[in-house]
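The exercises that follow are meant to be worked through with the sequence and the three-dimensional view side by side. Try each task before reading its solution.

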There are 2 protein chains.
Amino acid sequence: MSERIAHAELQSKVMTADEAAQFINNGDNVGMSGFTGAGYPKALPTAIANKAKEAHERGEEFAINVFTGASTAPDCDGVMAEANAINYRTPYNSDPGLRGQFNDGTARYQDIHLSHLGLQVEQGFFGDFQVAIIEAVRITEEGHIVPSSAVGNNVEYINAADKVIVEVNEWQSLDLEGMHDVYKVPNLPNRTPIPIQNPGDRIGTTYIPVDSSKIVAVVKTNAPDRNAPFKPLDETSKQIAGHFLDLLEGEVRAGRLAYDQYIMQSGVGNVPNAVMNGLLDSKFENIQAYTEVIQDGMIDLIDAGKMTVASATSFALSPEYADKMNDEAARYRESIVLRPQQISNHPEVIRRVGLIATNGMIEADIYGNINSTNVTGSKVMNGIGGSGDFTRNAFISSFISPSQAKDGAISAIVPFASHIDHTEHDAMVIITEYGYADLRGTAPRDRVKKMISIAHPDYRPLLEEYYERATKAGNALHTPHDLATAFQFHTNFLEKGDMRG
Amino acid sequence: MSERIAHAELQSKVMTADEAAQFINNGDNVGMSGFTGAGYPKALPTAIANKAKEAHERGEEFAINVFTGASTAPDCDGVMAEANAINYRTPYNSDPGLRGQFNDGTARYQDIHLSHLGLQVEQGFFGDFQVAIIEAVRITEEGHIVPSSAVGNNVEYINAADKVIVEVNEWQSLDLEGMHDVYKVPNLPNRTPIPIQNPGDRIGTTYIPVDSSKIVAVVKTNAPDRNAPFKPLDETSKQIAGHFLDLLEGEVRAGRLAYDQYIMQSGVGNVPNAVMNGLLDSKFENIQAYTEVIQDGMIDLIDAGKMTVASATSFALSPEYADKMNDEAARYRESIVLRPQQISNHPEVIRRVGLIATNGMIEADIYGNINSTNVTGSKVMNGIGGSGDFTRNAFISSFISPSQAKDGAISAIVPFASHIDHTEHDAMVIITEYGYADLRGTAPRDRVKKMISIAHPDYRPLLEEYYERATKAGNALHTPHDLATAFQFHTNFLEKGDMRG
């Protein structure tokens, strides 16, 4: 273990998670590592949950404010939610139990752009941070932290916190060291340009510099990340992927893209994996990724020699691929860079490199406004994640979704999006299994026919009816709407379980 | 005139506007100078309008696609609209006649972030540009263009266009030369960091480099910009300004801002002018502006020694202040920098300098989503302008508006914004004459009480009723909504002329 905890003094700080939980108190702001189920603390959350349960049994209040990189796992968000240990949570969550608490009103959730939270912590918008809990591959001789499978907001939380607890996880490969590129933009008023011009540029250190006197506890763990297998590719995903590749080919024909110039940003999921599968057999070469998460399909592209470099802040791998990454990290770190999410998702770098952004959505309206977060306007799913960071600053911004869900009861194309996370000013291309709607260079009225053409056929007449009603409603015609019936799809669904009514 | 047209060969290209209009054909993409009524071409628009009228009289089609920096003037957008000479218009408009055509469906308008349009032109999203029409202070010995009172998208349009028409306007002071800082980010895939760290940094040339062989016509003009007087400060504007200054003082008390660190971005209007008036008597010193428009209040701050530097892309001055600028440009160019709008509004620089953004709005909803553009969801007013560029990347993003309009028939705080230009993820502080709602660090439900507290008292019970109905609607409680009545304020206004019903 001395290889894992190479700083002599910190070896004396080794303790159990229950012992380390003494440093966490009711009402604390706690910054944690963890992004898409990678690199989150494995032991402290359960210890915190137990501490909360004991306090609650004694009739005492105990709940903390949890700040992470993005989503974590059942043994992190899940156990804390089950113990009612979370008061306020940001910036992203995918845990079903915790989500249930947001939606029944028992926990509070602020859905923040992933590139913004670290900044806002540095700017002091949340006040003091009492504790940071950070998973590491190892602690160096100097007491610095080599992060594990995600960098997230670790730098910001370590800098902000009074006390740092490090979980050294032996499950994480020591060969991850060298994959990270930790760069910190100086705080205001001294911010400087970020010197990245290409996705693979390395500009920082392979560890997070830490004042080791802030480390109050070191906890040893040996537990895997939350790595879930991807579903086999279904027909709809393949069709959507096909239309996305058509979009890329169209850009090449128009002279706006070369076969060796595609820089990928991609959300996580089955459709993105289908896109990557399709790219394996495409004419695109020298693909680069400047994105937030490395998933299986990118590993396949790297192995096939189609992808030369991938920059992200974390992994989201199937168990099989996670094992491969741990076994072969020394090889993969030649073509993978893990950065702080403030850098992986930074508008400055995103706009500079000129990537093509591809993100999932819940629904789009006929004018190209996108709902990524709230079902029927109220029920939060996961969160906006990095989709806003990438969409707003991309060379081309695209959104992908099957045209319908729940056996046709839900349409992904609606008259008015019931929550808007990306506006008509930002979304450029919307893709379903029926094709792609290219909204670039169009006024709102020009978009309607295109959007209806990618809706599920069951919904096309209903959308046409709405647009006709909207143009006759007597309101202005720049963005025709009939506000009295704009949410009828959604109220139908809430009342009758089907948007068709 | 040789001082104004110093390039010998181009003196031979001097012609009338009617003669120069020969180069403009039906269906052309035409890029024009002009931003907030400054620096737009004064002669060609009327010549184009006449050409359109003549064509229409002959039964021929004639309409062009007009791309500018932002808004122009009655003798630019106005005359062309009146002649039905505009098919598609972007990225911003404030001309009432043209707005009417967008809203009655006879002209098409795409409302684009001001930092995005130049990029999209460079990226080829609009195809070829046939003509650029650019107002200049003078043409240099080398044939380069010294822009006038706005830089806008001039660089991008000149580069994109096959032919360039220059209007040399003698009304514009020759002393403006030296005020501009023309910098061009290389096109993809070679974009580089923008080396601005402080609002006043100069990184480019004082002229726009042009291949003079592209200049097909030079037209002499002598006409003022559209400079409108500001209204005297009213009580409501002063109250809003007071609350904004309270916000700044609160930031100082919280240790997040020093009295000599305020970097201003401000929309144009009476409330911003009231804010600047209030700053004259405040403790703030060394104020800097990184914004898109220089208005009267900033000139007063410069003259008072309170503002050390202002960076923008154009002026929006009253006639009195425009005369002063023309008379004393040699002095003001020491503290004013006019940049291309891609730079004045660039997310990279905005995030780096850490400015406080302050923009107007049409309405905000109880969760902090902002409508900047479409009245009752359909009727476009002016456009999003740079508000998205600044809001998304600011240190603090604020929105200001009187709580009501039309003698109380319209509330600026509504249950659900009828068009969303800035999402709940971006808006931080909302200010009316009743105070400011600080939404930082809050979940959606936490925002409702704050937002209702700044609504007009007439509307507070109605908003409370809505929220109560929303929490009981049976939908989830993350962002409580009752979608069936979410737009009742707006339908009341459309049906009865009053949001109160």
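**Exercise 1. Which residues does T313(B) touch, leaving aside those up to four places away in sequence?**

Step 1. In this predicted model, T313(B) touches F35(B), S149(B), A150(B), V151(B), G152(B), T291(B), E292(B), L338(B), R339(B), P340(B), Q341(B) and S344(B), when residues up to four places away in sequence are not counted.

Step 2. To place the residue along the chain, note that T313(B) lies in the loop between β12 and β13 (314–316) of chain B.

Step 3. Buried means under 20% relative accessible area, and T313(B), with a relative accessible area of 0%, is therefore buried.

Step 4. Two of the residues in the list also take part in polar contacts with the side chain of T313(B): a polar atom of that side chain lies 2.6 Å from the backbone oxygen of R339(B), and the side chain reaches the backbone nitrogen of Q341(B) at 3.4 Å.

Step 5. As a further check on the fold around this loop, T313(B) and N345(B) are 32 residues apart in sequence, while their C-alpha atoms are 8.6 Å apart in space.

**Exercise 2. Describe how strand β10 (residues 287–290) of chain B is placed among its neighbours.**

Step 1. Begin with the partners: β10(B) pairs in the parallel sense with strand β9 (residues 263–266) of chain B over two bridges, and β10(B) also pairs in the parallel sense with strand β12 (residues 307–312) of chain B, over four bridges.

Step 2. Next, follow Q288(B), which stands opposite I263(B) of chain B and has V309(B) as its bridge partner in β12(B).

Step 3. Then trace the connection, where β9(B), helix α9 (residues 270–280) of chain B and β10(B) make a right-handed β-α-β unit.

Step 4. Finally, look at the two faces of the strand, both of which are covered: I287(B) and A289(B) are buried on one side, and Q288(B) and Y290(B) are buried on the other.

**Exercise 3. Which residues have a positive phi although they are not glycines, and where are the cis peptide bonds? Work out the location of each case given below.**

Step 1. Most residues other than glycine have a negative phi, and most peptide bonds are trans.

Step 2. N286(B), which is not a glycine, has a positive phi of about 55°; N286(B) is found in the loop between α9 and β10 of chain B, and with a relative accessible area of 29% it is partly exposed.

Step 3. T36(A), again not a glycine, has a positive phi of about 45°; T36(A) lies in the loop between β1 (29–32) and α3 (44–57) of chain A, and at 14% relative accessibility T36(A) counts as buried.

Step 4. Turning to the peptide bonds, a cis bond with omega about 0° joins T90(A) and P91(A), and P91(A) is found in the loop between β3 (86–90) and α5 (96–104) of chain A.

Step 5. The bond from L188(A) to P189(A) is also cis, with omega near 5°, and P189(A) lies in the loop between β7 (161–169) and β8 (215–221) of chain A.

**Exercise 4. What is the strand order of the open sheet of three strands in chain A?**

Step 1. The order is β17-β16-β23, with mixed pairing.

Step 2. The edge strands are β17 (370–371) and β23 (413–414) of chain A, each of which pairs on one side only.

Step 3. Strand β16 (residues 363–365) of chain A and β23(A) pair in the parallel sense over two bridges, and D365(A) stands opposite V414(A) in β23(A).

**Exercise 5. How many residues and how much area go into the contact between chain B and chain A?**

Step 1. The contact takes 84 residues from chain B and 84 residues from chain A, and the area buried between them is about 6,900 Å², of which carbon and sulfur atoms give 54%.

Step 2. R351(B), R392(B) and H425(B) supply 12% of the area that chain B buries against chain A, more than any other three residues.

Step 3. For the polar side, the count between the chains is four salt bridges, and one salt bridge joins R108(A) and D446(B), whose closest N and O atoms are 2.7 Å apart.

Step 4. There are also 45 residue pairs in polar contact between chain B and chain A, and α13(B) gives the most to the side of chain B that touches chain A, with five residues.

Notes:
Residues numbered from 1 in each chain as written. Chains lettered and ligands numbered in written order. Predicted model: local features only at pLDDT ≥ 70, side-chain atom pairs only at ≥ 80, totals over all residues. Heavy atoms only, no water. Buried < 20%, exposed > 50% of the residue type's maximum accessible area, 1.4 Å probe, protein only. Pairing = 2+ DSSP bridges. Right-handed = clockwise from strand over helix to strand, strands pointing away. Contact = heavy atoms within 4.5 Å. Buried area = accessible area lost by both parts, 1.4 Å probe. Salt bridge = Lys/Arg side-chain N within 4 Å of Asp/Glu carboxyl O. Polar contact = N/O pair within 3.5 Å; in protein donor to acceptor, adjacent residues only side chain to side chain.
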